[in-house]
Amino acid sequence: MEHRKEVVITEVCPRDGFQVLPMMVPTEEKIEIINRILACGFKQVEVTSFVHPKAVPQMSDADEVLQKITRPEGVVLRALVPNLRGLERAILARVDKAKLMLSATDSHSLNNANARTLEAMQGFDQIAKRAERTAIKLGGSISVAFGCPYEGIVPIGRHIEICKRYEQLGITDISLADTTGMANPESIKRISRSLREYFPSFHFSLHLHNTRGMAFANAVSGLNEGIVDFDSSLAGLGGCPYAPNASGNIATEDLVHGFEEMGIKTNLDLDKIIEIAKVLQSRYPNQSDSFLLKAGKSSDLHMAPTGQKKLGE
Ligand code: ZN
């Protein structure tokens, strides 16, 4: 299949990156970073999460962050919302889009939401009804869609069942998340293709963690299946609760660079992105993971050596 020529990348570092840091990122610093992110050309940024402050203390300043950032025209500010209370806060904070959190498997769902997957979805009824009367848009998500650390491979029937429930709620914008980096290009192809065939009116996006270095290959596989929407995190900031020292989302600079090198437009300013990624890397060196920050862009040419140099000399 021929590649699409243009993609949309959503920056999720302020949520997915910051939420797993062992230290709290000061609110002023979050605001500064988000404002710089918004100047790179992103059309959608996941700025925070309206979870209970006790569950995720790092996101306890969600309301203040939303209030103080500079909001450019036409940019969609997205936030994660776990329940009705979270939605109410998101509405008050004038969030454009609320993304619902849901795990593909019961064991992961019990661990994260204290309820089995379909039980957790029952709570979405109230959320969908409340959102209907406001300007806020709803998106769905399926975490551990390409593999669960407790249950392994997720059968496609499960994704279909979840998507049918989302459809009943009027939610057709679905993020497929490889939360713990268990996907490979073949599983991305299989699941994306089946779901796009089964739900042709849906809009699917990919949220890929680079835990095992597969995320860029997985993104290209998704692109080949017609998916044009991807999440990523500056400097690869983030982590995985099941694998210490494992990386978070694919680094935004790696994803943008990779696509641009392939001739696929991202409409983002890569140099500005690299500048912010360097700042984050210097502040959080143990939580960043980025090829581009190590090796530079492919187009950065170097002086050819003048003499012959043998390795090992
Ligand atoms: Zn994630």
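This section describes the zinc site, two helix pairs and several individual residues of a predicted model.

The zinc ion is bound by three protein donors: Asp16 through OD, His207 through NE2 and His209 through NE2. These donors lie 2.0 to 2.1 Å from the zinc ion. Along the sequence the donor residues follow the spacing D-x190-H-x1-H. Both histidine donors fall under the 20% limit for burial. His207 has a relative accessibility of 4% and is therefore classed as buried. For His209 the relative accessible area is 5%, so His209 is buried as well.

Helix H10 spans residues 215-224. Seven of its 10 residues are buried, so H10 is largely enclosed by the rest of the structure. The buried residues are Ala215, Asn218, Ala219, Val220, Ser221, Gly222 and Leu223. They pack against strand E6 (173-178), helix H9 (185-198), strand E7 (203-208), E8 and H11. After H10 comes Gly226, which has a positive phi near 95°.

Helix H11 covers residues 252-261. This helix is mostly covered, with eight of its 10 residues buried. The buried set consists of Thr252, Glu253, Asp254, Leu255, Val256, His257, Gly258 and Phe259. The elements covering these residues include strand E1 (8-11), H10, E8, helix H12 (270-283) and helix H13 (291-295). H11 is followed by Gly263, where phi is again positive, near 85°.

The axes of H10 and H11 approach within 11 Å and cross at roughly 50°. An angle of this size lies outside the parallel, antiparallel and perpendicular ranges, and the two helices are therefore oblique to each other. The crossing of H10 and H11 is right-handed. On the H10 side the contact is made by Phe216, Ala219 and Leu223, and on the H11 side by Asp254, Leu255, Gly258 and Phe259. By class, the contact of H10 with H11 comprises five nonpolar residues, one polar residue and one charged residue. Ala219 and Leu223 also belong to the buried residues of H10, and Asp254, Leu255, Gly258 and Phe259 to those of H11.

Within H11, His257 has a relative accessibility of 10% and is therefore counted as buried. When residues up to four places away in sequence are left out, His257 touches Leu270, Leu292, Lys297 and Ser298. Of these, Leu270 falls within the range of H12 and Leu292 within that of H13, two of the elements that cover the buried residues of H11.

A second helix pair is formed by H4 (residues 84-92) and H7 (residues 124-132), with axes that come within 9 Å and cross at roughly 20°. Since angles under 35 degrees count as roughly parallel, H4 and H7 are therefore roughly parallel to each other. Their crossing is right-handed. In this contact Leu84, Leu87, Glu88 and Ile91 of H4 meet Gln126, Ile127, Arg130 and Ala131 of H7. By class, five of the residues in the contact of H4 with H7 are nonpolar, one is polar and two are charged.

Most residues other than glycine have a negative phi. Two residues that are not glycine have a positive value here: phi is near 60° for Asn114 and near 60° for Ala235. Asn114 is placed in the loop between helix H5 (106-113) and helix H6 (117-122). With a relative accessibility of 69%, Asn114 is counted as exposed. Ala235 is found in the loop between strand E8 (229-232) and H11. Its relative accessible area is 0%, so Ala235 is buried.

Asp271 is part of helix H12. At a relative accessible area of 44%, Asp271 is classed as partly exposed. The C-alpha atom of Asp271 is separated by 44 Å from that of Arg116, and the two residues are 155 residues apart along the chain.

How values were computed:
Residues are numbered from 1 along each chain as its sequence is written. This is a predicted model: local features need pLDDT of at least 70, side-chain atom pairs count only at pLDDT 80 or more; totals for chains, interfaces and linings use all residues. Side-chain values use heavy atoms; hydrogens and water are left out. Axes are lines fitted to C-alpha atoms, for helices over the stretch in contact, and angles run from 0 to 180 degrees between N-to-C directions. Helices (H or I, at least four residues) and strands (E, at least two) are DSSP runs, numbered from the N terminus. Angles under 35 degrees count as roughly parallel, over 145 as roughly antiparallel, 65 to 115 as roughly perpendicular and the rest as oblique. A crossing is left-handed if the near helix is turned anticlockwise from the far one by less than a right angle, and right-handed if clockwise. Contact means heavy atoms within 4.5 Å. Ala, Val, Leu, Ile, Met, Phe, Trp, Tyr, Cys and Pro count as nonpolar, Asp, Glu, Lys and Arg as charged, and the others, Gly among them, as polar. Donors are N, O and S atoms within 2.8 Å of the metal (3.2 Å for Na, K and Ca); water is not among the atoms, so sites may look incomplete. Buried means under 20% relative accessible area, exposed over 50%, partly exposed in between (1.4 Å probe, protein chains only).
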